[in-house]
Amino acid sequence: MRAVLTWRDKAEHCINDIAFKPDGTQLILAAGSRLLVYDTSDGTLLQPLKGHKDTVYCVAYAKDGKRFASGSADKSVIIWTSKLEGILKYTHNDAIQCVSYNPITHQLASCSSSDFGLWSPEQKSVSKHKSSSKIICCSWTNDGQYLALGMFNGIISIRNKNGEEKVKIERPGGSLSPIWSICWNPSREERNDILAVADWGQKVSFYQLSGKQDGVRLGTVGEQNSWVWTCQAKPDSNYVVVGCQDGTISFYQLIFSTVHGLYKDRYAYRDSMTDVIVQHLITEQKVRIKCKELVKKIAIYRNRLAIQLPEKILIYELYSEDLSDMHYRVKEKIIKKFECNLLVVCANHIILCQEKRLQCLSFSGVKEREWQMESLIRYIKVIGGPPGREGLLVGLKNGQILKIFVDNLFAIVLLKQATAVRCLDMSASRKKLAVVDENDTCLVYDIDTKELLFQEPNANSVAWNTQCEDMLCFSGGGYLNIKASTFPVHRQKLQGFVVGYNGSKIFCLHVFSISAVEVPQSAPMYQYLDRKLFKEAYQIACLGVTDTDWRELAMEALEGLDFETAKKERKKRGETNNDLFLADVFSYQGKFHEAAKLYKRSGHENLALEMYTDLCMFEYAKDFLGSGDPKETKMLITKQADWARNIKEPKAAVEMYISAGEHVKAIEICGDHGWVDMLIDIARKLDKAEREPLLLCATYLKKLDSPGYAAETYLKMGDLKSLVQLHVETQRWDEAFALGEKHPEFKDDIYMPYAQWLAENDRFEEAQKAFHKAGRQREAVQVLEQLTNNAVAESRFNDAAYYYWMLSMQCLDIAQDPAQKDTMLGKFYHFQRLAELYHGYHAIHRHTEDPFSVHRPETLFNISRFLLHSLPKDTPSGISKVKILFTLAKQSKALGAYRLARHAYDKLRGLYIPARFQKSIELGTLTIRAKPFHDSEELVPLCYRCSTNNPLLNNLGNVCINCRQPFIFSASSYDVLHLVEFYLEEGITDEEAISLIDLEVLRPKRDDRQLEIANNSSQILRLVETKDSIGDEDPFTAKLSFEQGGSEFVPVVVSRLVLRSMSRRDVLIKRWPPPLRWQYFRSLLPDASITMCPSCFQMFHSEDYELLVLQHGCCPYCRRCKDDPGP
């Protein structure tokens, strides 16, 4: 065991206590009056917690990880959540010394100088119990039944869950040795609870409920420069944290090396640091040897077992020579401290390895021999020999491999290689040597000739088979590799290191445990069979293969006329029928009729039939069978059909297969030869319950371009899903749609492929609708986005506007899902704005690119102003400010807005001008200076709410400079429409508003007053009616014109009375689908007709709209046909 410092930190105050979160991710420290929360992975201070007014003495985490508790000198206990929030606080009469959570019930024990309390979330109050002495520490047992309290007077009191004292332990030191720390054994595997006690007298004791027991000191974790005040082990890991008086926090990782030994099928390993377990890998028997000291090294050989302890070496031997005996007894003790890297035991000696030196000691501890090597010893292994004269195989770091006999002072150099040795093994006959070097290469040498026989990469350990001279295995890279003779390697997955190979069992060490893996030797056996090496194959088979492999060996031996091996195989399987063996011999010698007679005499007529059919002697087979079992007859016909198929007589084979009931094989032949008529005939004769052949028929008919007959077959089976797939694959969409109408569950299977087919055939708009209908919103949006990008890239801005409008409506449809509402509504408004921009810009682009543009100057003038006011800081792709300003300047000059034209030309001077516009712009810049510096008053836009004349260029955008009312534009001429948007008073639903407007009652004469209400965030303009009002004014229009002093927009909010006064023909309503609210607009010039598209809700002068619909056959904005119903 060794400790490695992972991280270290230092707090300002003494570390009084430490607690881990049960999952090990966080560490809670009590330091000064605060709790410090650390990340255990790297020692980062995550958060300090303040809650106590004095020094925090203790902290503990509940096993469920939901809460932890802290106790302080301020006499309070605080319960914290895992999110580091304090949720509860209670107090004692004295300072809190320690806290501990019950691991089962999560009951909290809090101890002070004079009493202790028990609290659980179910209790309303804390139950407290008096104590005869100051309680310094406490700990619950693993099962949560008992609580141990350590007192200042040296007494340990063990209480039950109710606080009643059950056991009292009085220690010899009494009050001179206060109990400073106690802890129950955390392992649930222990049958008895063990209590560890540390006192002020520097003693550590261990107790069971039945009495005291001894402990074993294993080693030092770390040296500190200050008093160690607290330490804790990280849950389910090998990390330990230490807190000191000077505020130092040290986090250590404890590394435990694997201490073990292996000899053939016996494996000895260290357990619980002080015990040795010997395991029989074949019988799975185990025996535990309790050493009661730290086990440092283990070696095992035959009936000997050596265990090195800190001050001695124990030599054990088996009670008997029985191979299955697992009882060991002490043979010798060598009472002496030894320092060694490796330990080996022989029959009468132990071998100690320390760097370059080997020492041979007798069991009495006398050094008999010593060998000094040239380099560090990397590997040592006993390879057997007579007692007292065993041989050792030694590998050195310099690549030298030696053989040493324990009774000989001189080492024998077997060979020398260039790389360091990592692992060694010698074959059973001592003729071959396998070496794994530091480059992970397995090298196999002939010991006598020193010749390198072969080498294999990716090896970390190697072992020869103890029962077969030519077989070895090696592991590496997560694979087990088995190699026989010089054949290629057979590989299979395996984690760990190979440490032994006995027969068909491979012993593998993975982490700290070893297991015996049963590996069939089939692969190497077949490698020998391929070379016709039957005797060697038989030897491999004896190690362990399957029954099928045994039969294959016998048949191969018979075919190779190696009757001796075949006979051995039969005896191995327990077959003693000589007639049967002789029949096999006759059949391989060509004496078929004699063989058939012997088969019949031995009761194996089926073997005779197999022989005749394998030889295609069907007539002899029929004669032999006679009028026997119908099953045998069917089998014979099938065999004959197979023969006809093999000799290229497929039609005859089909007829035979059908007569034998082998429809699948008949269908396969017909399908492979393209015989559609025969397939149809077979499908119509088959019963609908025979699904497999019918399905095969349909598959072949589909391949052979006969979808109609395939559909007939699917209908016969009732396989509607396959029928749908057939229609989709053959693009018979009408049939697919008809089937989808009858069976709606298949609509997704139809519309999704249909949409993809449309997209592949450049019918993108139809594809988008099909995706939408199939419920594939993501694909529908992707198609629209691609269409939009393409339209912009190709300067088809009218199409881009249409696609952006479709995208916005798609997003609005998806926004009905509450989880995506906010995101989708944001996209909806964004795409709506882009659609409006591109729709307007289409006219600008046509005007600048096409000299025969049909747009009127006033329209181009309005569009240019609309775009300049609406463009965001980041101009959308494809839109040119140069073209907009150029159009504005040109049309302003033509319409008499000379000041605006001059402004536009000035703006153009700061932009990059394409060469084709350069001359026109320069000329316009000069000629405009000859015009007056004012604009025509006829062009000035009017606000229909407050009757304010607005400038042609408005810094606020498309809103009134006075009342901030947004302008409503015509989607064709882009002039300002005489509409004012109004909002419903709180509590009025859309349905109620429609019903009130539809009433259209005569308005009584009343005196309306306008009430302007202001709050912190908005202003609302309310129309208030008085009871004694007499007058003819429209309550909506009477007070719309006003001088607004503020800079914020005040919306028009109407009441029920105002709604009743409105005429239905004067109100336009944008009936948006959920989750949007409806929008209401009032026309202030009822005689001037306005039309709103019921699909896109764009406003038009009625005459313009009718003309455009006549020209295009649809709405110019959303392309809704005039006969289509609205949304």
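Contact here means heavy atoms within 4.5 Å of each other. Keep that in mind for the close-ups below, which come from a predicted model where local features need pLDDT of at least 70, side-chain atom pairs count only at pLDDT 80 or more, and totals for chains, interfaces and linings use all residues. Residues are numbered from 1 along each chain as its sequence is written, and side-chain values use heavy atoms, with hydrogens and water left out.

**View 1. Val-489 sits in a loop between two strands.**
The loop runs between strand 47 (479-484) and strand 48 (490-493); helices (H or I, at least four residues) and strands (E, at least two) are DSSP runs, numbered from the N terminus. Skip the neighbours within four places in sequence, and Val-489 is in contact with Glu-456, Phe-474, Asn-481, Ile-482 and Lys-483. Is Val-489 buried, exposed or partly exposed? With 26% relative accessibility, Val-489 counts as partly exposed (buried means under 20% relative accessible area, exposed over 50%, partly exposed in between, using a 1.4 Å probe and protein chains only). Look for Pro-524 too: Val-489 and Pro-524 are 35 residues apart in sequence and 8.9 Å apart in space, C-alpha to C-alpha.

**View 2. Gln-832 is a buried residue in helix 21.**
Helix 21 covers residues 821-849. Gln-832 counts as buried because its relative accessibility is 9%. Its side chain makes a polar contact with the side chain of Ser-808, at 2.9 Å. (A polar contact is a pair of N or O atoms within 3.5 Å; within protein, one must be able to donate a hydrogen and the other to accept it, and residues adjacent in sequence count only if both atoms are side-chain atoms.) Leaving aside neighbours within four places in sequence, Gln-832 is in contact with Trp-805, Ser-808, Met-809, Trp-1072 and Tyr-1117.

**View 3. Four strands line up as an open sheet.**
The order is 29-30-31-32, and the pairing is antiparallel (two strands pair if DSSP finds at least two bridges between them). Strand 29 (297-301) and strand 32 (328-334) stand at the edges with a single partner strand each, so one side of each has no neighbour in the sheet. Zoom in on strand 30 (residues 304-308) and strand 31 (residues 313-318), and you'll find 5 bridges joining them. For instance, Arg-304 has Glu-317 in strand 31 as its bridge partner.

**View 4. Helix 28 has a buried side and exposed residues on the other.**
Which residues of helix 28 (residues 1102-1112) are buried? They are Ser-1102, Tyr-1105, Leu-1108 and Val-1109. These four cover an arc of only 130° around the axis, so they lie on the same side of helix 28; the arc is that of the directions from the helix axis to the C-beta atoms. Over on the other side, Glu-1103, Leu-1110 and Gln-1111 are exposed. Strand 58 (1090-1092) and strand 59 (1099-1101) are among what covers the buried residues. Right after helix 28 comes Gly-1113, with a positive phi near 75°.

**View 5. Confidence varies along the protein chain.**
The mean pLDDT (the predictor's confidence in each residue, from 0 to 100) is 81, and 79% of the residues reach 70 or more. Confidence is highest in strand 6 (residues 56-61), at a mean of 96, and lowest in strand 53 (residues 1008-1014), at 41. Over residues 1003-1032 the pLDDT is below 50; beyond near neighbours in sequence, this stretch has 74 contacts in the model.
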